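This report introduces a protein model to a reader who has not met it before. Please keep the sequence and the structure in view while reading.

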Amino acid sequence: MKSTLLAFALSAVFASSAMAKTYDIELHQSKTNPLQWTGSFNLSQPTPLEGDYFSDTYNFKPDLPGNLKINGGVINFFGYDEEKIHFTDVSLNGVTLDLSHGDGESKARLFNTVLSGPLTLRVSGFTGSSASYSGNFNITTAVPEPATYGMLLGGLGLVGMAARRRKAQ
């Protein structure tokens, strides 16, 4: 019995050390425009899961309701291979960011994308022994679709017609 419990405890310790890391990104509301929020983060030396491969998850807090227009990205600057991160997948709520790898940098970018919350960012790739990456996302809440304005104007027109008919009677 004791050996079974010890084996279970050891397997739980080793399994938890190989799990992806999860972090929270605190969103800050603009002081001049309450519809705009921003969140940034950085991570030095991602914890590899196996070999040099890592996978991190970020949850944006607070959860923002409705449609959200999002711009932002993740970047790694490097001068040596030990500092390099090669992103293999970066996605926000399942939407893959545009990846590029070039002269001294690896990056993932997202432009004018409308998503609904809560927001979860997943970052994975291969890391050098002293690498780091950072990210920033700008979010605008309450993004109405053009059809919403059309329905609003149509509804106001119908209310006006009903009021005019009622007044004529």
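## A central pair of strands

Strand E4, spanning residues 53–61, and strand E10, spanning residues 120–127, are paired in the antiparallel sense over seven bridges. Within this pairing, tyrosine 58 stands opposite leucine 121 of E10. Another such position is aspartate 56, which stands opposite valine 123 in E10. The model in which these positions are seen is a predicted one.

Strand E10 is also joined to strand E6, residues 85–92, by seven bridges, and E6 and E10 run antiparallel. Here isoleucine 85 stands opposite threonine 127 in E10.

## The sheet as a whole

These strands belong to an open sheet of five strands, with the order E1-E4-E10-E6-E7 and mixed pairing. Its edge strands are E1, residues 21–26, and E7, residues 95–96, each of which pairs on one side only. In general, the side chains of a regular strand alternate between the two faces of the sheet.

The protein contains two helices and 11 strands. Read from the N terminus, its elements follow the order α-β-β-β-β-β-β-β-β-β-β-β-α.

## Aromatic pairs

Eight aromatic pairs are present in the structure. One of them is formed by tyrosine 23 and tyrosine 58, whose rings are stacked, with 5.3 Å from centre to centre and 25° between the planes. This pair links distant parts of the chain, since tyrosine 23 lies in strand E1 and tyrosine 58 in strand E4, 35 residues apart. Are the two tyrosines buried or partly exposed? Tyrosine 23 counts as partly exposed because its relative accessibility is 26%, whereas tyrosine 58, with a relative accessible area of 3%, is buried.

A further pair consists of phenylalanine 60 and phenylalanine 137. Their ring centres are 5.7 Å apart and their planes stand at 90°, so this pair is edge-to-face. It too links distant parts of the chain: phenylalanine 60 is in strand E4 and phenylalanine 137 is in strand E11, residues 132–141, with these positions 77 residues apart in the numbering. Both phenylalanine 60 and phenylalanine 137 are buried.

Which residues form one aromatic cluster? The members are Tyr23, Phe41, Phe54, Tyr58, Phe87 and Tyr133. Tyrosine 58 thus appears in this cluster, in the stacked pair with tyrosine 23 and opposite leucine 121 in E10.

## Contacts and surface

Of contacts between residues at least 6 apart in sequence, 77% join residues at least 24 apart. The protein has 169 residues, and 27% of them count as buried. It exposes about 11,000 Å², of which carbon and sulfur atoms supply 57%.

## Confidence of the prediction

The average pLDDT of the protein is 85, and 85% of the residues score at least 70. Where does pLDDT stay under 50? It does so over residues 4–18, and for this stretch the model has one contact beyond four places in sequence.

Definitions and conventions:
Residues are numbered from 1 along each chain as its sequence is written. This is a predicted model: local features need pLDDT of at least 70, side-chain atom pairs count only at pLDDT 80 or more; totals for chains, interfaces and linings use all residues. Side-chain values use heavy atoms; hydrogens and water are left out. pLDDT is the predictor's confidence in each residue, from 0 to 100. Contact means heavy atoms within 4.5 Å. Two strands pair if DSSP finds at least two bridges between them. Helices (H or I, at least four residues) and strands (E, at least two) are DSSP runs, numbered from the N terminus. Buried means under 20% relative accessible area, exposed over 50%, partly exposed in between (1.4 Å probe, protein chains only). Accessible areas come from the Shrake-Rupley method with a 1.4 Å probe; for residues, only the protein chains shown count as cover. Rings of Phe, Tyr and Trp (its six-membered ring) pair if their centres lie within 6.5 Å; planes under 30 degrees apart count as stacked, over 60 as edge-to-face and the rest as tilted.
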